[in-house]
Amino acid sequence: MKTIDNISFKNEKALIRVDFNVPLDKTTLKVTDDTRIKAAIPTIRKVLNDGGAVVLMSHLGRPKGTRENKYSLSHTISVIEQLLGQKIKFADDCISPQAFELSSLLQPGEVLLLENLRFYPEEEKGDIEFAKKLAQHGTIYINDAFGTAHRAHASTTIVANFFPNNKKYFGYLMAKEVENLRKILQSPEKPFTAIVGGAKVSDKIKVLEALTKVADNIIIGGAMAFTFIKAKGGNIGKSLCENDHIETALHFLNQIEIKNAQSIKNIRVILPVDAVCASEFMDSPNNSVHDITDIPTDLMGLDIGPKSIQLFKDILASSKSILWNGPMGVFEFSNFETGTKEIAFTVAEITHKNNAFSVVGGGDSVAAINKYNLENQISFISTGGGAMLEFIENGTLPGIEAIESNTYQPV
Ligand code: AMP
């Protein structure tokens with residue numbers, strides 16, 4: 001893999017695409033969670049320690065191609081300085097003459113942060129001329145922003161075309177993501193169990209299809225399970241259901257049956273068997289457990305039930321590889337968090353007990369792992385929600401291809 005480990009950055013100017021898309025307090029505009037900035041520090045340090053200079057570029061929020069103070073990366077400066085232990089320079093526009101002057105005068109050991117790339121609509125459009133300009137800030141390009149690696153944006157993908165093959169690399173964060181996701185998807189130790197939850201079948205159907213190629217067990221939880229249950233003829237009451245994707249769900253289940261009939265390998269798709277139900281979508285203790293195929297018409301399922309939890313635990317108990325993305329229920333409501341909580345603890349327990357390799361990704365699943373302080377008991381926690389899902393679907397991402405393929409076009 002094209003990592004920066006064996007590269008010397010002495011006298012180089014590294015243009016690093018980082019993910020500083022951090023949450024800011026609405027009134028003070030102060031960074032409220034610096035996890036993403038912290039994650040980029042090792043790559044920045046490596047360049048500085050080697051005797052190189054660093055130009056940082058990122059997006060922040062969704063400014064839709066116009067300049068807005070609430071999306072300015074200037075709000076991150078003090079946090080970066082504190083984490084790096086040194087002052088940094090800031091260019092209040094990423095491609096202005098002043099920005100190029102700052103980057104051209106940058107000395108070894110110095111850091112320059114460019115203003116939000118998305119103040120230009122060209123960034124998200126993957127505009128070639130814009131990318132060419134960005135490329136002029138550095139002599140080497142490093143992508144350390146896994147969270148946006150699924151986008152063919154100017155700074156994440158197109159810019160790499162303007163660096164020769166030996167001048168573009170994955171940063172530490174990005175390399176770890178690629179390495180761990182490849183490990184679980186390309187050479188998983190068996191049995192491999194994937195747990196997929198969340199709201200919509202339509203969002204995750206391609207992920208489920210891709211998983212049938214590698215996983216032995218596919219556990220489906222969350223609201224999306226109800227579309228499958230309805231497709232199989234169950235009564236799901238007023239649970240969330242994508243009626244226009246019932247056919248999609250049915251087709252998926254039929255394809256599995258056909259695959260299983262044709263091959264020696266048996267893929268198991270495991271759906272919940274019961275659900276914790278309530279009459280309204282609210283965090284109320286007034287709930288009852290029902291068979292998932294027999295939910296009364298005036299109730300909706302908001303979490304998986306105790307029998308489903310046990311069923312899923314039994315499957316996980318013998319697993320050697322586990323991939324988890326998406327909550328089992330409305331875990332934001334304390335009355336309906338049990339399913340997600342039990343899965344989080346089980347994944348952690350099996351990782352330790354079976355010496356299994358576990359990967360958790362997606363905002364909600366990662367939030368659950370953090371909420372129960374299980375971060376250190378999971379083999380790898382992915383920082384990219386959408387990027388991880390697209391990696392599962394396609395086995396690669398535009399941002400990865402851009403580093404690994406030789407597409408050099410001299411500026
Ligand atoms: P996603 O973004 O597709 O991963 O979906 C996550 C969202 O699905 C979370 O906000 C959950 O509250 C929601 N969710 C999970 N299970 C259910 C359910 N049974 N009914 C309604 N929403 C659910």
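**Exercise 1. Find out what surrounds Arg67.** Which residues is Arg67 in contact with, once its neighbours within four places in sequence are left aside?

*Solution.* Start with the cut-off: contact means heavy atoms within 4.5 Å. On that basis, Arg67 is in contact with Asp92, Asp93, Glu115 and Phe119, leaving aside neighbours within four places in sequence. Next, place the residue: Arg67 sits in the loop between β2 (53–57) and α2. Helices (H or I, at least four residues) and strands (E, at least two) are DSSP runs, numbered from the N terminus. Now take one partner: Arg67 and Asp93 lie 26 residues apart in sequence, with their C-alpha atoms 9.4 Å apart. Last, check the accessibility: Arg67 has 48% relative accessibility, so it counts as partly exposed. Here buried means under 20% relative accessible area, exposed over 50%, and partly exposed in between (1.4 Å probe, protein chains only).

Before you go on, keep in mind that this is a predicted model, where local features need pLDDT of at least 70 and side-chain atom pairs count only at pLDDT 80 or more, while totals for chains, interfaces and linings use all residues. Residues are numbered from 1 along each chain as its sequence is written, and side-chain values use heavy atoms, with hydrogens and water left out.

**Exercise 2. Describe how α1 and α2 pack.** At what angle do helix α1 and helix α2 pack, and how far apart are their axes?

*Solution.* Helix α1 (residues 35–50) packs on helix α2 (residues 77–84) at an angle of about 55°, and their axes are 10 Å apart. The axes are lines fitted to C-alpha atoms, for helices over the stretch in contact, and angles run from 0 to 180 degrees between N-to-C directions. So α1 and α2 are oblique to each other; angles under 35 degrees count as roughly parallel, over 145 as roughly antiparallel, 65 to 115 as roughly perpendicular and the rest as oblique. Now pick out the residues: α1 brings Ile37, Lys38, Ile41, Ile44, Arg45 and Leu48 to the contact, and α2 brings Val79, Ile80, Leu83 and Leu84. Sorted by class, that gives eight nonpolar, no polar and two charged residues. In this sorting, Ala, Val, Leu, Ile, Met, Phe, Trp, Tyr, Cys and Pro count as nonpolar, Asp, Glu, Lys and Arg as charged, and the others, Gly among them, as polar.

**Exercise 3. Trace the sheet that holds β3.** What is the strand order, and which strands stand at the edges?

*Solution.* This open sheet of six strands runs β3-β4-β2-β1-β5-β6, with parallel pairing. Two strands pair if DSSP finds at least two bridges between them. At the edges you'll find β3 (89–91) and β6 (168–170); each has a single partner strand, so one side of each is left without a neighbour in the sheet. Neighbouring strands here are turned by 25° against each other on average, direction ignored. Then zoom in on one edge: three bridges join β3 to the parallel strand β4 (residues 111–114), and Ala91 stands opposite Leu114 in β4.

**Exercise 4. Place β7 in its sheet.** Is strand β7 largely enclosed or open to the outside?

*Solution.* First, the sheet: an open one of six strands, ordered β10-β8-β7-β15-β16-β17, with parallel pairing. Its edge strands are β10 (268–270) and β17 (380–381), each pairing on one side only. Next, count for β7 (residues 192–196): five of the five residues are buried, so the strand is largely enclosed by the rest of the structure. Phe192, Ala194 and Val196 are buried on one side, Thr193 and Ile195 on the other. Finally, the neighbours: five bridges join β7 to β15, running parallel, with Phe192 opposite Ser321. Four bridges join β7 to β8 (residues 217–220), also parallel, and there Ala194 has Ile218 as its bridge partner.

**Exercise 5. Fit α13 onto that sheet.** Which strands does helix α13 touch?

*Solution.* Helix α13 (residues 385–394) packs on the sheet and touches β15 (321–325) and β16, its direction making about 125° with that of β15. Its buried residues are Ala387, Met388, Leu389, Phe391 and Ile392. Their cover includes α6 (172–186), α7 (201–211), β15, β16 and α14 (398–404). Just after α13, Gly395 takes a positive phi of about 75°.
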